[in-house]
Amino acid sequence: MEEPVPVVRAVEHGIARLLPDIDRPRAWLLTVDESPQSYVDLDDPEHLEFEYARRLGHVIDTAAPAGRPLDVVHLGGGALTLPRYTAATRPGSRQQVVEADGALSALVAAHLPLPPGAAVEMRRADALGWLTRAPARSADVLIADVFGGSRVPAHLTTLGYARAAERVLRADGVYAANLADGAPFAFLRSQLATFAAVFPELALIAEPSVLRGRRFGNLVLVASHAPLAVAELARRVAADAFAARVEHGAALRRRTGDARPVRDADAVASPEPPGGAFRVG
């Protein structure tokens with residue numbers, strides 16, 4: 001059997017690399033401009049290597065009873081880590097992936113094909129534009145993991161975007177977004193205020209060191225009109241190899257403070273990670 005070799009391609013938003021994992025025979029790391037985007041094990045789609053991906057996986061796990069098929073929308077495709085996970089853990093789920101970079105999607109399709117029977121439709125579109133055209137109340141779960149390099153684009157941080165996401169979700173649907181920030185958390189606080197203006201139920205998942213402002217890192221924002229499975233989420237993330245904590249209720253309102261929802265005119269991208277915190281190579 002030949003050893004896998006790295007694949008390097010120019011895509012629409014940078015240079016993509018597929019790097020084989022020497023410890024797992026059919027596992028690959030996808031980077032774009034040296035920023036890690038996805039990790040996929042073709043032999044084990046339930047393996048989630050990145051901590052934030054595990055936390056998003058926990059959100060999917062707790063969105064409905066185990067095994068029940070769901071209608072899931074993924075904003076941001078990458079190497080399709082979470083669509084593969086959902087297809088494996090919830091067979092029969094219908095999934096749509098919205099990815100603006102068609103060349104990146106083609107690279108992933110050619111080298112990291114989806115397993116047979118995975119009902120995943122690819123949509124080449126900007127996330128916000130697609131949300132405004134999508135059928136209302138059509139998704140059980142909406143996962144947002146959209147980064148331009150290592151930053152969340154400004155137009156995906158606004159009150160209009162939050163309302164567009166809410167329109168696509170069913171009454172008890174769950175929204176979850178991968179964000180990145182560090183102290184003093186101006187960006188995170190603005191996102192909490194923005195989504196609190198649209199959804200009555202919010203939770204935040206992150207490692208304690210990130211929540212305390214000791215380092216820059218990923219934070220998963222969860223929102224819904226229905227009560228969230230906070231206790232179960234807390235149990236699951238606490239048991240991970242890199243344990244995390246769930247904030248909600250009064251603690252989350254204190255964290256939000258006097259931040260206001262983001263209007264289009266005030267929108268900015270998430271902050272640049274300090275010192276290339278999310279870069280490899």
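**Burial, backbone, rings and salt bridges**

Me: How does Asp33 count: buried, partly exposed or exposed?
Reply: The relative accessible area of Asp33 is 35%. Buried means under 20%, exposed means over 50%, and partly exposed lies in between (1.4 Å probe, protein chains only). So Asp33 is partly exposed.

Me: What do side-chain values leave out?
Reply: This is a predicted model, in which local features need pLDDT of at least 70, side-chain atom pairs count only at pLDDT 80 or more, and totals for chains, interfaces and linings use all residues. Residues are numbered from 1 along each chain as its sequence is written, and side-chain values use heavy atoms, leaving out hydrogens and water.

Me: What is the phi of Asp33?
Reply: Asp33 is in the loop between β3 and β4 (35–41). Helices (H or I, at least four residues) and strands (E, at least two) are DSSP runs, numbered from the N terminus. Most residues other than glycine have a negative phi. Asp33 has a positive one, near 50 degrees.

Me: Where does Arg137 lie?
Reply: Arg137 also has a positive phi, near 55 degrees. Its relative accessible area is 40%, so Arg137 is partly exposed. Its place is the loop between α4 (127–133) and β8 (139–144).

Me: Which residue does a cis peptide bond join to Ala183?
Reply: Most peptide bonds are trans. Here omega is about 10 degrees. The partner sits in the loop between β9 (169–181) and α6 (186–196). It is Pro184.

Me: How far from Arg90 is the nearest side chain of opposite charge?
Reply: Arg90 is buried but has no salt bridge (a side-chain nitrogen of Lys or Arg within 4 Å of a carboxyl oxygen of Asp or Glu). Lys and Arg count as positive, Asp and Glu as negative; His and the chain ends are not counted. The nearest opposite charge is on Asp61, at 5.3 Å.

Me: Which residue offers its backbone oxygen to the side chain of Arg90?
Reply: Arg90 lies in the loop between α2 (81–89) and β6 (94–99). Beyond four places in sequence, its contacts (heavy atoms within 4.5 Å) include Ile60, Asp61, Pro65 and Leu70. The side chain reaches a backbone oxygen at 2.8 Å, that of Arg68.

Me: What is the angle between the ring planes of Phe195 and Phe199?
Reply: The structure holds 6 aromatic pairs (Phe, Tyr and six-membered Trp rings with centres within 6.5 Å; planes under 30 degrees apart are stacked, over 60 edge-to-face, the rest tilted). Phe50 and Tyr52 make a tilted one, at 6.0 Å and 40 degrees, and both residues are buried. Phe195 and Phe199 are stacked, because their centres are 6.2 Å apart and their planes are at 10 degrees.

Me: Which residues do ring pairs link into a cluster with Phe195 and Phe199?
Reply: Phe195 and Phe199 are both buried. Ring pairs link them with Tyr161 and Tyr175.

Me: Which buried residues does helix α3 hold?
Reply: α3 spans residues 102–111. The cover over its buried residues includes β1 (7–11), β2 (14–20), β3 (27–32), α2, β6 and β7 (120–124). Those buried residues are Gly102, Leu104, Leu107 and Val108.

Me: How many residues apart in sequence are the parts that Glu12 and Arg124 tie together?
Reply: The count of salt bridges is 18. Glu12 and Arg124 form one of them, with the closest N and O atoms 2.7 Å apart. Glu12 lies in the loop between β1 and β2 and Arg124 in strand β7, so the pair ties parts whose separation in residues is 112.

Me: How do Glu12 and Arg124 count: buried, partly exposed or exposed?
Reply: The relative accessible area of Glu12 is 38%, so Glu12 is partly exposed. Arg124 has 60% relative accessibility, so Arg124 is exposed.

Me: What is the relative accessible area of Asp240?
Reply: Asp240 and Arg54 meet in a salt bridge at 2.7 Å, N to O. Asp240 lies in the loop between α8 (230–238) and β12 (245–248) and Arg54 in helix α1 (residues 51–62), so the pair ties together parts 186 residues apart in sequence. Arg54 is partly exposed, at 31%. Asp240 is buried, at 9%.

Notes
A polar contact is a pair of N or O atoms within 3.5 Å; within protein, one must be able to donate a hydrogen and the other to accept it, and residues adjacent in sequence count only if both atoms are side-chain atoms.
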